[in-house]
Amino acid sequence: MPHADTLAARPEAASGESLDLAARYRAVRTMTQRLCAPLAPEDRVVQSMPDASPVNWHLAHTTWFFEQFVLTAAFDGYRPFRPEFGFLFNSYYNAVGERHPRPRRGMLTRPTAVEIGEYRSAVDRAMEELFARESTAELAAIIDIGLHHEQQHQELLLTDVKHLFAQNPLRPAYRPIGRSGSDDTEATSSSKFRGNGGPGVSPLEWIDFDGGIHAIGHDGRGFAYDNESPRHDVLLRPFRLASRLVTCGEYLKFIEDDGYARPESWLSDGWDAVRDEGWRAPLYWERGDDRRDRTGDWRIFTLAGMRDLDPHEPVCHVSFYEADAFARWSNARLPTEAEWEVAATTASFAGNFVEDERFHPRSPGDVGSAADRRSVRPGQLFGDCWEWTASPYVAYPGYRPPAGALGEYNGKFMCNQMVLRGGSCATSRTHIRPTYRNFFPPPARWQFTGIRLAEDSE
C-alpha cells in the first residue's frame, strides 16, 4: 500500500482545525487498539510470511511514524522513547536510517506487548501536548499523513492476522461474526457474460459509459496521496462495466471448467504461478473433509473461522493473475484504472467497510439501498473487495515525488505492481476515495482482492 503523501501545505492551521485533527488522531489510535482487542499476546508476535508483519510491529511502526516525523520536528531536543526503536520499526524510509530486515520481524519477541503499549501511550501523551498549542500547516499535513498511514496498517493488521490464523490447523477465529444474508433482488436482463450469482443476487449486467476525454486524478480538495496526482486528461473508448463484483458461485464455475488446468486463459507469468504455487482455487478455499461435509464441498477460512462457501458473496483473495484469467474465460476483461475511476466518480459511496466490523465481503443484495441496486450505476464499487485493474502502477503524467523521506514510498515502487481500486471490508470508509490507488504485485492474494469485469462497447 502507498505510505506517503504530497505535502501541500495550507497557509496556516486554524485552532478549530487543530481540534478536529486531535479528535481524529484519538479516533484512529483508538480504532487500532480496538482491532487488537480479540488477540492473545501470542497472536501478536508471529509473522506468517515475509509479506506480512506481526501485530506488535504494526503497533510500534505506526507509533514510530508520529515520533519520527512529527514529534522530533515539533519539539526542540525531543528524546525518543527508545532510540533503538528507530532501527526496529522503520519500514522503507532509507533517508532516516537503517532498519531491521522485513522477513525477520517475527523474530522480535522483544520489546514485549507491554513495552509497545507504553511506547504508544508515551507518544500519545506527547501528541496531546502538541495539540494543546497551535500547530503549523506543514506539521498538520504530516499528522494527516500519519493518520491515513495508521488506517492502512489497520487493514494490514487484519489481513496479516487472517493469514496467520489460516496457518494454524485449529483454524481459530479472530472474532465470531454473523454470517451475511442474501436479500432477494430484482432480476434484470442477462448479459454477454451470463453470470448468475444465484438466489438473492441479480444477474450480472453491463453498464455503459461514454468514451472521449475524461479527467482523472485528485483535484486538490481534501487528503490524497502524491501518487493520485496530477489530475490529467485521458482518452477512453466507450466501455461497459459489470454491475457488481464476481461471486464465489460464478468463480466456482471457472474452477469446475478446469480453469486452473487450462493454460489458454492465463498470462505466461500467471500460468507459471499456478504450476509453481499449486493454485487450484482462491486463497483460503478448502475442500470439506470432515463428517459434517459432503465429499468435495468447498469451505472457506474467514476471520470468524471456517464456514461453508456462500456462492452469493463476492469472490476474494484472488491474485491479479486469477482475476485476469477469469475475465478471459468469461470473454471479458478487467477494467483499466481510468475506466474504474470514471465510473466511480458519480457512484454511491455505500459499502461494507471496517467500521461495519463484519471483516468479510457481503453479497450484492446486502449492500446499498434497493434504489441503488436498481440504478444504472455499478454497485459495490467501494468496500467489500479491492478490485484488480488492468493498469500497471506507474506515475501519472507530470508526477514528481515529494522531497525528503516522506517522498520515498510511492515513487520508488512504481515497478512490477498492478493497481487496485475501491477499498475492502478491512478499509476505513474515512480513508477511501474514488482517486485512491492501491497497488500490489500480480501474485499477491492475502488482501481482500476481488474481480469486476469490463468490456469494450460494441
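This passage looks at the aromatic residues of one protein chain, then at a helix and the sheet it packs against.

The structure is a predicted model, in which local features need pLDDT of at least 70 and side-chain atom pairs count only at pLDDT 80 or more, whereas totals for chains, interfaces and linings use all residues. Residues are numbered from 1 along each chain as its sequence is written, and side-chain values use heavy atoms, with hydrogens and water left out. The pLDDT, the predictor's confidence in each residue on a scale from 0 to 100, averages 87 over the protein chain, and 86% of the residues score at least 70. Some caution helps with two stretches. Residues 290-295 have a pLDDT below 50 and make six contacts (heavy atoms within 4.5 Å) beyond near neighbours in sequence. Residues 366-374 also stay under 50, and the model has 18 contacts for them beyond four places in sequence.

Aromatic rings come next. A search of the whole structure finds 36 aromatic pairs. Here, rings of Phe, Tyr and Trp (its six-membered ring) pair if their centres lie within 6.5 Å; planes under 30 degrees apart count as stacked, over 60 as edge-to-face and the rest as tilted. One of the pairs joins W64 and Y93, which are tilted, with 5.9 Å from centre to centre and 40° between the planes. This pair links distant parts of the chain, since W64 belongs to helix α2 (residues 55-74) and Y93 to the loop between α3 (85-89) and α4 (113-131), 29 residues apart. Helices (H or I, at least four residues) and strands (E, at least two) are DSSP runs, numbered from the N terminus. Both W64 and Y93 are buried, where buried means under 20% relative accessible area, exposed over 50% and partly exposed in between (1.4 Å probe, protein chains only).

F349 and F353 offer a stacked pair, 5.7 Å from centre to centre with 20° between the planes. F349 counts as partly exposed because its relative accessibility is 33%, while F353 is buried at 0%. An aromatic cluster is formed by Y251, F254, Y260, W266, W285, W298, F326 and W329. Charges also meet rings in this model: a charge sits over a ring if NZ of Lys or CZ of Arg is within 6 Å of the ring centre and within 35 degrees of the ring normal. The charged end of R105 lies over the ring of W57, 3.6 Å from its centre, and that of R437 lies over Y396, 4.1 Å from the ring centre.

Helix α8 (residues 320-329) is largely enclosed by the rest of the structure, because eight of its 10 residues are buried. Among these buried residues are the charged E322 and D324, as well as F320, Y321 and F326. The buried residues of α8 pack against α6 (248-256), α7 (268-277), β8 (386-392) and β9 (418-421). Just after α8, N331 takes a positive phi of about 60°.

Strands β8 and β9 belong to an open sheet of four strands, in the order β10-β9-β8-β11 and with mixed pairing. Two strands pair if DSSP finds at least two bridges between them. At the edges, β10 (438-440) and β11 (449-450) each pair on one side only. β8 and β9 run antiparallel and are joined by three bridges, with P392 opposite M418 in β9. β8 and β11 instead pair in the parallel sense over two bridges, and E387 has G450 in β11 as its bridge partner. Five of the seven residues of β8 are buried, so this strand is largely enclosed by the rest of the structure.
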